[in-house]
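Thanks, everyone. Let me put the model up, and then I'll walk you through it.

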Amino acid sequence: GLVGELAVLSTIIAAGVAPDVAMTAWVGPQDANQDFELGTGAIEVKATVSPIGFPAHIGSLDQLDDSTLQPLFLAGARLAQSAAGLNLPQWVESVRAQVAGNADAMRMFSDKVIAAGYFDAHSDKYPRKFSDAGTRLAEVGQGFPRLTPGNVPLGVTGAKYDVELEQALGAGVGIEMALKKLGAL
């Protein structure tokens with residue numbers, strides 16, 4: 001989860017969103033419904049290391065609900081376990097390097113990785129290495145496979161479910177296109 005969010009965060013900054021804006025937008029560690037709130041909408045990140053398919057766990061009815069923030073994008077971050085990849089502390093350091101010139105972004109980033117449960121003092125506990133094998137984004141809307149408060153039977157107040165994203169993401173859109181639609185670029 002956290003490696004996927006860091007990969008998307010890094011991509012957002014690399015696409016031209018100011019580091020302090022990107023850090024403010026990263027609300028996943030604060031238990032928000034989606035991982036990023038940018039411009040008028042949001043991005044929810046799901047990550048997998050599965051080489052076949054793209055299984056994704058949806059944690060609530062609100063996670064893919066676009067009734068309050070629009071547009072809503074789902075980012076499917078495919079990671080590959082590999083010796084050439086980065087472990088979690090190295091992913092954290094790579095984002096720190098991207099925001100090094102911005103004191104506000106550095107402070108927010110430090111606070112948010114702690115809120116996400118990562119502590120530099122435990123860096124030796126993360127030996128597994130992951131390479132970014134590509135991220136696809138899809139706009140969540142009508143026809144997207146999801147359960148929301150507005151489309152479940154009366155009386156259903158919560159749900160956790162799994163979605164196979166391989167088909168749902170389709171060809172996807174690039175991060176720049178998504179950021180433009182969100183009004184962040």
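Start at the hairpin of strand 1 and strand 2: 2 residues sit between the strands, and G39 there takes a positive phi near 55°. A word on terms: helices (H or I, at least four residues) and strands (E, at least two) are DSSP runs, numbered from the N terminus. Two strands pair if DSSP finds at least two bridges between them.

Now the ground rules. This is a predicted model, where local features need pLDDT of at least 70, side-chain atom pairs count only at pLDDT 80 or more, and totals for chains, interfaces and linings use all residues. Residues are numbered from 1 along each chain as its sequence is written, and side-chain values use heavy atoms, with hydrogens and water left out.

Back to the hairpin. Strand 1, residues 36-38, pairs with strand 2 in the antiparallel sense, over 3 bridges. L38 stands opposite G41 of strand 2.

Strand 2 has another partner to show you. Strand 4, residues 72-86, pairs with strand 2 in the parallel sense over 7 bridges. One position to look at is V45, whose bridge partner in strand 4 is A75.

How covered is strand 2? Of its 8 residues, 7 are buried, so "mostly covered" is fair. Buried means under 20% relative accessible area, exposed means over 50%, and partly exposed is in between, with a 1.4 Å probe and protein chains only.

Strand 3 next, residues 55-58. Its side chains alternate. A56 and I58 point to one face and are buried. P55 and H57 point to the other and are not. Strand 3 runs antiparallel to strand 6, residues 161-164, and 4 bridges join the two. Within that pairing, A56 has V163 of strand 6 as its bridge partner.

Step back to the whole chain. It has 6 helices and 6 strands. From the N terminus on, the order is α-α-β-β-β-β-α-α-β-β-α-α. The radius of gyration is 16 Å, close to the 16 Å that the globule rule gives for 185 residues, so the chain is as compact as a globular protein of that length. That radius is taken over C-alpha atoms, and the rule is 2.2 Å times the number of residues to the power 0.38. Along the principal axes, the C-alpha atoms fill a box of roughly 45 × 35 × 30 Å. Of the 185 residues, 45% count as buried.

What about contacts, meaning heavy atoms within 4.5 Å? Take those between residues at least 6 apart in sequence: 78% of them join residues at least 24 apart.

Now the pocket. In general, rolling a probe the size of a water molecule over the atoms shows where empty space is left. Here we work on a 1 Å grid over the protein atoms alone, and a pocket is an open set of points where a 1.4 Å probe fits, with protein on both sides within 12 Å along at least five of seven lines. Lining residues have an atom within 4 Å of a point. Points are joined across faces, edges and corners, and the volume is the space filled by probe spheres set on them.

The largest pocket has a volume of about 320 Å³. It is lined by 17 residues, and the closest to its centre are G1, L2, V3, R128 and F130. Helix 1 (2-14) and strand 2 (41-48) each supply at least two lining residues. The lining divides into 10 nonpolar, 3 polar and 4 charged. For that split, Ala, Val, Leu, Ile, Met, Phe, Trp, Tyr, Cys and Pro are nonpolar, Asp, Glu, Lys and Arg are charged, and the others, Gly among them, are polar.

A few single residues to finish. Look at the loop between strand 3 and strand 4, which holds L69 and P71. The peptide bond from Q70 to P71 is cis, with omega near -5°. L69 counts as partly exposed, at 22% relative accessibility. Not counting residues up to four places away in sequence, L69 touches Q34, E37, T40, G41 and A42.

D31 lies in the loop between helix 2 (19-25) and strand 1. Its phi is near 60°, a positive value in a residue other than glycine. Is D31 buried or exposed? Exposed, at 72% relative accessibility.

Last, R96 in helix 3, residues 88-99. R96 is buried, with a relative accessible area of 13%. Leaving aside neighbours within four places in sequence, R96 is in contact with M106, F109, S110, V113 and D120.

How values were computed
Contact = heavy atoms within 4.5 Å.
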